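Trainee: Please pick one loop of this model for a close look, and then work outward from it to its surroundings. Give the cut-offs as you go.

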Amino acid sequence: MPSLQSSIERLSALAQPERDPEAQRTFLEFRDQLTQGRIRAAGKIVVPGNPGRWVVNAWVKQGILLGFRLGALTEINAGLSFVDKDTFPARQFTIADRVRIVPGGSSVRMGAYVAPSVICMPPMFINVGAYVDEGTMIDSHALVGSCAQIGKRVHLSAAAQVGGVLEPVNAAPVIIEDDVLVGGNCGIFEGTLVRARAVLGAGTILTRSTPLYDLVRGEVYRATADAPLEVPENAVVVPGSRAVSSRAVKKGAAAEWNLSLYTPVIVKYRDEKTDRSIELEDWLR
C-alpha cells in the first residue's frame, strides 16, 4: 500500500487530480493528520551541541495545494456569511480539544494544528498548515500564516503578523521556537527563523532582506540563498535605524534630507531581569 506521502506526490503531479477516484479520500486523510499534528510542514533535526536544523517537508505543502485544487466554493454559515473552498472549512473546537477560543471573531482553518492549552484571543486567525504548540498565547489581531511553525509557550502579542508560505513548496516557513516573546505590531516574514527564548520588541520587522545588527557580539546577520534570516537564541531585538550607504549620504537628497533606514538591532541577550519583565501571569492561563 502506498504511503500517504507518495500518494500526495502522485496526485499533485496530475493535471486533473479531481478525476482520480482516490483523490478525495487521500486528501481527507492528509488533512486529518495535519489537523492532529501528526504531520507538519517543517520539522527540526536535533543536533547535539547546536540549536538544530529545520527541514521543509515539501510534500506537506503539496498536499495543502492539492486541497485547493480539489476544493469547490461553498457557502459557510458561521454567524456571518462566508464563501471559501469546501476542503478547508473553519475548525470546530470542543472542550476535549482543551484549546481556549475566547468569543469574538477568531477563526482557525482545518489543516492547522493547535495544541491543548493554547489560548486564542479575539480576533485572530490561524491558517492552514500552521503548527501552534502547547502553552502558546495568540493575542488579538494576531495572524499565524500558512505553514508557520510556532513553538511551546510563545506569546504572540496584539497585532503580531507571522507570515505564511505555500509556494514554492521547498521554501521554508516562518519558524518561531519555544519560549519566544513577539511584541505588539511585530512582523515576521519570508521564512525567518527565531530561535528559542528570543524577545522581539514591539514593532520589530524581520524579512529576508532585513539585516540584523548584533551590538553585543559585533555581528551582522543576513539571509543567504540557502538560509533565512536567523535570530539567535535569547536575543533581545528592538527596532532601530542606520544611515543610508556612505556614498549616498555624501551628496544629493539623502544628505539633504538626513535619511536613515529601518533595521532591527540586538541590544542584549536575555537575562533574569528580562525574564521578570516579560513573565506571563499563570492565572491568565
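Mentor: Arg153 sits in the loop between β13 and β14. Strands here are DSSP runs of E of at least two residues, helices are runs of H or I of at least four, and both are numbered from the N terminus. This is a predicted model, in which local features need pLDDT of at least 70 and side-chain atom pairs count only at pLDDT 80 or more, while totals for chains, interfaces and linings use all residues. Residues are numbered from 1 along each chain as its sequence is written, and side-chain values use heavy atoms, with hydrogens and water left out.

The backbone of Arg153 has a phi near 55°, a positive value in a residue other than glycine. Most residues other than glycine have a negative phi, and most peptide bonds are trans. With a relative accessible area of 43%, Arg153 is partly exposed; buried means under 20%, exposed over 50%, and partly exposed in between, with a 1.4 Å probe and protein chains only.

On one side of this loop, β13 (residues 149–150) pairs with β16 (residues 175–176) in the parallel sense over two bridges. Two strands count as paired if DSSP finds at least two bridges between them. The partner of Gln149 across this pairing is Ile175 in β16. Both strands belong to an open sheet of six strands, ordered β7-β10-β13-β16-β19-β24, with parallel pairing. Its edges are β7 (113–114) and β24 (230–231), each of which pairs on one side only. Strands of a sheet pair through backbone hydrogen bonds, either parallel or antiparallel.

On the other side of the loop, β14 is part of a second open sheet, this one of 10 strands with mixed pairing, in the order β5-β8-β11-β14-β17-β20-β25-β26-β22-β23. Here the edge strands, pairing on one side only, are β5 (100–101) and β23 (219–221). Within this sheet, β8 (residues 119–120) and β11 (residues 137–138) run parallel and are joined by two bridges; Cys120 has Ile138 in β11 as its bridge partner.

Asp139 is in the loop between β11 and β12 (143–144). Its relative accessibility is 19%, so Asp139 counts as buried. Beyond its neighbours within four places in sequence, Asp139 is in contact (heavy atoms within 4.5 Å) with Met121, Pro123, Met124, His155, Leu156, Ser157 and Ala158.

Two of those partners lead further. Pro123 is placed in the loop between β8 and β9 (125–126), and the peptide bond joining Pro122 to Pro123 is cis, with omega about -20°. Ala158 lies in the loop between β14 (155–156) and β15 (161–162). Ala158 counts as partly exposed because its relative accessibility is 35%. With neighbours within four places in sequence left aside, Ala158 is in contact with Asp139, Ser140, Gly184 and Asn185. Between the C-alpha atoms of Ala158 and Leu80, 78 residues apart along the chain, the separation is 24 Å.

Two other loops also carry backbone features. Pro168, in the loop between β15 and β16, follows a cis peptide bond from Glu167 with omega near -5°. Asn234, in the loop between β24 and β25 (235–243), has a positive phi near 70°.

The second largest pocket holds about 380 Å³ of space. A pocket, on a 1 Å grid over the protein atoms alone, is an open set of points with protein on both sides within 12 Å along at least five of seven lines, whereas a cavity is a set where a 1.4 Å probe fits but cannot get out; lining residues have an atom within 4 Å of a point. Grid points are joined across faces, edges and corners, and the volume is the space filled by probe spheres set on them. This pocket has 18 lining residues, with Trp54, Ala172, Asp226, Ala227 and Pro228 nearest its centre. Strand β2 (residues 53–56) gives the most to the lining, four residues. By class the lining has 10 nonpolar, three polar and five charged residues; Ala, Val, Leu, Ile, Met, Phe, Trp, Tyr, Cys and Pro count as nonpolar, Asp, Glu, Lys and Arg as charged, and the others, Gly among them, as polar.

Finally, β3 (residues 73–77) has five residues, of which the number buried is zero, so the strand lies largely in the open. β3 runs antiparallel to β4 (residues 81–85), joined by five bridges, with Ile76 partnered by Phe82 in β4.
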